[in-house]
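Me: I'd like to go through some annotated positions and check why each label applies. Could you take my questions one at a time?

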Amino acid sequence: MDILFLNGPNLNMLGTREPEQYGTQTLSDIVAHIEALATEVGLSIEHHQDNSEAGLIDKVHAASKNGTKYMIINPAAFTHTSVALRDAILATGIAFTEVHLSNVYKREEFRKQSYFSDIAEGVILGFGAQGYEFALNAAIKYIKER
Ligand code: DQA
């Protein structure tokens with residue numbers, strides 16, 4: 001697997017969940033689009049959405065054993081709470097981009113704290129689903145240059 005694409009809690013509700021924050025596209029629409037773009041350039045991608053911290057951590061652990069070269073992660077609410085997911089990523093040593101659909105800096109104070117930004121290659125936020133495309137382009141460049 002070249003790229004692991006991970007989405008955290010409540011992102012399975014995209015489409016109907018606070019559309020003013022997160023847009024109207026469903027997660028399946030977004031994933032289908034990203035998978036098609038990755039396939040076009042010959043890269044394999046696996047998507048996983050999980051509402052539990054354990055499920056996300058297990059996927060990150062699996063990535064360290066299956067040759068994953070890059071990760072695109074929207075940790076959702078775990079962005080602001082999860083030392084455990086941060087540690088799992090650090091344990092793998094795999095480079096990743098942190099993505100948020102909304103501009104978390106325009107929102108509540110607690111969303112300004114991220115356990116991932118200082119260990120990410122880069123952070124993309126506020127561009128809705130398009131942010132995943134930007135992250136994919138960064139992943140493609142990263143992989144092709146190595
Ligand atoms: C989010 C922002 C988080 O603060 C929030 O808890 C989410 C989604 C985003 O994509 O904008 O669930 O990660």
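Me: Before the labels, where does His-80 sit?

Reply: His-80 is in the loop between β3 (70-74) and α4 (83-92); helices (H or I, at least four residues) and strands (E, at least two) are DSSP runs, numbered from the N terminus. This is a predicted model, where local features need pLDDT of at least 70, side-chain atom pairs count only at pLDDT 80 or more, and totals for chains, interfaces and linings use all residues. Residues are numbered from 1 along each chain as its sequence is written, and side-chain values use heavy atoms, with hydrogens and water left out.

Me: Why does His-80 count as buried?

Reply: Buried means under 20% relative accessible area (exposed is over 50%, partly exposed in between; 1.4 Å probe, protein chains only). His-80 has 14% relative accessibility, so it counts as buried.

Me: What is His-80 in contact with, leaving aside neighbours within four places in sequence?

Reply: Phe-110, Arg-111, Gln-113 and Tyr-115, with contact meaning heavy atoms within 4.5 Å.

Me: And what makes Ser-102 buried?

Reply: Its relative accessible area is 5%, so Ser-102 is buried. Ser-102 lies in the loop between β4 (96-100) and β5 (122-125).

Me: What joins the side chains of Ser-102 and Arg-107?

Reply: A polar contact of 2.9 Å. The term needs a pair of N or O atoms within 3.5 Å; within protein, one must be able to donate a hydrogen and the other to accept it, and residues adjacent in sequence count only if both atoms are side-chain atoms.
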